[in-house]
Amino acid sequence: MTGTVPHDPYQALKEAGFRRFLTGHLVGTVGFQMQGVAVGWELYERTHSAVALGLVGLVQVVPIILLFLPVGHLVDRYDRRTVLIVALAGLALAAAGLAVVSLSHAPVPLFYAFLFLSGTARALLGPAKSALLPEIVRREAFQNAVAWNSGGWQMAEVIGPAVGGALLAATRSPALVYLTHAVLALAFAALVAGVTTSGERRPAVAASLDSLLEGARYVMRTRILLAAITLDLFAVLFGGAVALLPIYAKDILHVGPAGLGGLLAAQAIGAVSTTVVMAHLPPLKRAGPALLRAVALFGLAMIAFGLSKVYLLSLTALAVAGAADSVSVVIRMTLAQLGTPNDLRGRVSAVNSLFIGTSNQLGEFESGAVAGLVGPVISVVAGGIGTLVVVGLVAARWPEVRRLGRLEEAIPKAGVPGARTP
């Protein structure tokens, strides 16, 4: 770390709009994570199938894949607060539907129908949320805001699974967890409605195939951004084991639903601790090497988790994985948002959300499918090894990642308005 001027770790938190956004993001993520615990536990209780758990990720990523182009156009054309509020209303509706399905003991395919609706809402939510943040926070405070926002999101991932697991263990009512998510999503919408944006005017974007594809072309031209996104995509695709945590909790570690909440929270505990430290320290001096080392550490931690049969060791491995992942998140989000002209942020955010959604949700499907064939332990360990291979390939294919220093040096090259071919 390095700094030539005094660093204010709370500069973003001094802005009222960011505080509202951060609070809403926290409570909304708490609700979504609570829902994840209930969905995984209820489906495994009813089906006892690893493939059924993997399908949870698949049905939620399909809308992201299908809709990322029109979603990016909507976020760039219309008021981003309004788009975000509509997405949150969709999440609340899907959660309420899951509660009805649970209470009525409806067929399992209806679970997937409402999870598909939830995925559709999240396809809109991610780009709108990412593109809105630079309109709320001053540019000089943005990297600090990314760190606090990432820390808030990870804190919610600590609180959400723990509260969801505890509520599920106490009541044995998944429907109550789903309804809690619906309420918290609406609370996020109410907080966002009161946020004031910069009011920066954006040119009207005509609906055409060329305009829809401009975000993807921008990412492909910006090599350092493409490398960071690719690294995240394949590392999480191979190294994610979240879909298998119910199996580890019930059949390998024997810790029940409350223990499942702890497993889901452990990765976030490591992440939130790291992001808080990053917010207090000056910017990274060598961001590229730090990114590569962090993702490699993530892969090693997942291998350790896959082989562990001791609950405390499993929690530690997941916490280390979360700490490593948080470094990647801060670097990638700073590059993606400040390194993109405002009139393209929605479409670039949609491409970024496609990569993130694909890696997380398809990673869950891949882990569930492989576990169904060869068992959960081999699935997780092989994924961690795959992550290490990806780090080596990215370092070789994009040498500029190894040379990337401070992020503020890379951002002007990637994002000065009018610089379409960095």
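Over the face of which residue does arginine 397 lie? The points below take up this contact and the other ring contacts of the structure, which is a predicted model.

1. Arginine 397 lies over the face of tryptophan 398, at 5.2 Å from the ring centre. A charge over a ring also appears at phenylalanine 32, where the charged end of arginine 122 sits 3.8 Å from the centre of that ring.

2. Turning to contacts between rings, the structure holds 2 aromatic pairs. In one of them, phenylalanine 21 and phenylalanine 188 have ring centres 6.4 Å apart and planes at 75°, and since planes over 60 degrees apart count as edge-to-face, the pair is assigned to that class.

3. As to where this pair sits, phenylalanine 21 belongs to helix 1 (residues 16–47) and phenylalanine 188 to helix 6 (residues 174–193), so the contact ties together parts that are 167 residues apart in sequence. Phenylalanine 21 counts as buried, at 0% relative accessibility, and phenylalanine 188 is likewise buried, with a relative accessible area of 2%.

4. Tyrosine 248 and phenylalanine 305 also form a pair, with ring centres 4.7 Å apart and planes at 35°, so the arrangement is tilted; the angle falls between the cut-offs of 30 degrees for stacked and 60 degrees for edge-to-face.

5. Tyrosine 248 lies in helix 9 (residues 245–252), while phenylalanine 305 lies in helix 11 (residues 287–307), so this pair ties together parts that are 57 residues apart in sequence. Both tyrosine 248 and phenylalanine 305 are buried.

Note on methods
Residues are numbered from 1 along each chain as its sequence is written. This is a predicted model: local features need pLDDT of at least 70, side-chain atom pairs count only at pLDDT 80 or more; totals for chains, interfaces and linings use all residues. Side-chain values use heavy atoms; hydrogens and water are left out. Rings of Phe, Tyr and Trp (its six-membered ring) pair if their centres lie within 6.5 Å; planes under 30 degrees apart count as stacked, over 60 as edge-to-face and the rest as tilted. Helices (H or I, at least four residues) and strands (E, at least two) are DSSP runs, numbered from the N terminus. Buried means under 20% relative accessible area, exposed over 50%, partly exposed in between (1.4 Å probe, protein chains only). A charge sits over a ring if NZ of Lys or CZ of Arg is within 6 Å of the ring centre and within 35 degrees of the ring normal.
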